[in-house]
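Work through the exercises below with the model open. Each task is followed by its solution.

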Amino acid sequence: MKKYLVLSLCMMAFSLNADELKLVAVADKVWAIVGPLTNRTPENLGNNATFGFVETKDGVVLIDSGGTYLGAKKIHEKIQSVTQKPVKYVINTGGQDHRWFGNSYFSDLGATIISSKAAREDHERRLSDQIGRLTALIGDEKFVGTQEKYADEQFEQQKELIVGGEIFNIIHAGQAHTPGDAYVLLKNRSIVFSGDIVYVERMLGVGDQSNSKSWLKVFESMASSKPKIVVPGHGHPVSLDVAEKDTYNYLVDLREKVGRFLDDGGDASDISQVDMSAYSYLFNYDTLSGRNALKVFTELEWE
Ligand SMILES: [Zn+2]
């Protein structure tokens with residue numbers, strides 16, 4: 001009886017922690033907020049990603065606003081646990097729900113929202129599709145309050161934002177996980193917030209909105225500044241080496257192996273023959289590995 005109680009308490013603690021946002025100090029006044037590696041669930045409010053923020057003397061700059069209105073509130077609580085300064089700017093690094101569905105929460109508090117023009121277009125284009133998928137996973141109750149709020153300021157390829165003496169270089173180098181992905185570089189600190197250009201610890205997703213070929217170029221652009229710390233779109237802050245291993249190398253290998261399979265006359269129905277088990281250490285390998293291979297197969301057929 002006692003044993004059972006201890007076990008169930010442990011499990012409860014685990015399930016609570018699994019959906020918690022974790023605040024991680026990256027550098028002085030620079031933070032990552034690390035969400036779970038799982039899919040969207042009612043418990044994580046759609047915040048199944050990594051976010052970040054920088055506290056400047058003139059206020060906070062937040063990178064990505066969370067997956068729902070309630071999820072944005074959770075992110076705000078994390079910010080408020082270290083500073084009472086207002087959130088002045090929110091940068092959306094891409095088109096995925098967790099990058100921007102929390103915008104209206106921060107906009108109501110007076111924040112200016114920034115995204116690339118391509119992300120803004122992607123937000124509008126995939127809005128109803130993304131709402132449908134998200135609510136199917138988290139339920140209408142957890143979606144409550146969420147309203148589309150598009151960026152107040154848009155840029156084509158890059159934008160320099162200076163807040164409280166801190167310089168943010170926001171760069172859209174092309175399509176990666178989504179058409180409008182951008183990374184945010186703090187050049188003076190050698191830190192980059194990559195959004196969905198970088199996934200670590202879990203397998204990335206190549207979806208219909210992705211382009212694996214262009215993703216590699218975008219990664220190379222991000223890596224060219226040789227940042228000391230990469231705050232990824234999923235997973236904990238890492239060195240550039242780890243970002244390369246879990247994202248870049250995986251994509252290169254996937255494209256090479258699927259390309260060879262295609263050249264050898266392989267059929268899409270046999271895609272599971274493409275061996276990507278070297279990356280089975282990544283969370284979500286079982287659910288995403290085959291799907292990614294199939295998407296790349298389709299891409300390569302047209303390249
Ligand atoms: Zn993502």
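**Exercise 1.** Which residues form one aromatic cluster with Trp100, and which charged end sits over the ring of Tyr150?

Solution. Trp100, Phe101, Phe143 and Tyr150 make up one aromatic cluster. Rings of Phe, Tyr and Trp (its six-membered ring) pair if their centres lie within 6.5 Å; planes under 30 degrees apart are stacked, over 60 edge-to-face, the rest tilted. Next, look at the charge: the charged end of Arg120 sits over the Tyr150 ring, 4.1 Å from its centre. The criterion is NZ of Lys or CZ of Arg within 6 Å of the ring centre and within 35 degrees of the ring normal.

The model is predicted: local features need pLDDT of at least 70, side-chain atom pairs pLDDT 80 or more, while totals for chains, interfaces and linings use all residues. Numbering runs from 1 along each chain as its sequence is written, and side-chain values use heavy atoms, without hydrogens and water.

**Exercise 2.** Classify the pair of Tyr69 and Tyr105.

Solution. Start with the count: 11 aromatic pairs. Tyr69 and Tyr105 are edge-to-face, 5.3 Å centre to centre with 75° between the planes. The pair links distant parts of the chain: Tyr69 lies in helix 2 (residues 69–80) and Tyr105 in helix 4 (residues 103–108), 36 residues apart. Helices here are DSSP runs (H or I, at least four residues), numbered from the N terminus.

**Exercise 3.** Is Tyr105 buried or exposed?

Solution. Buried means under 20% relative accessible area, exposed over 50%, partly exposed in between (1.4 Å probe, protein chains only). Tyr105 has 10% relative accessibility, so Tyr105 is buried. Tyr69, at 25%, is partly exposed.

How values were computed
Helix = DSSP H or I, 4+ residues; strand = E, 2+ residues; numbered from the N terminus.
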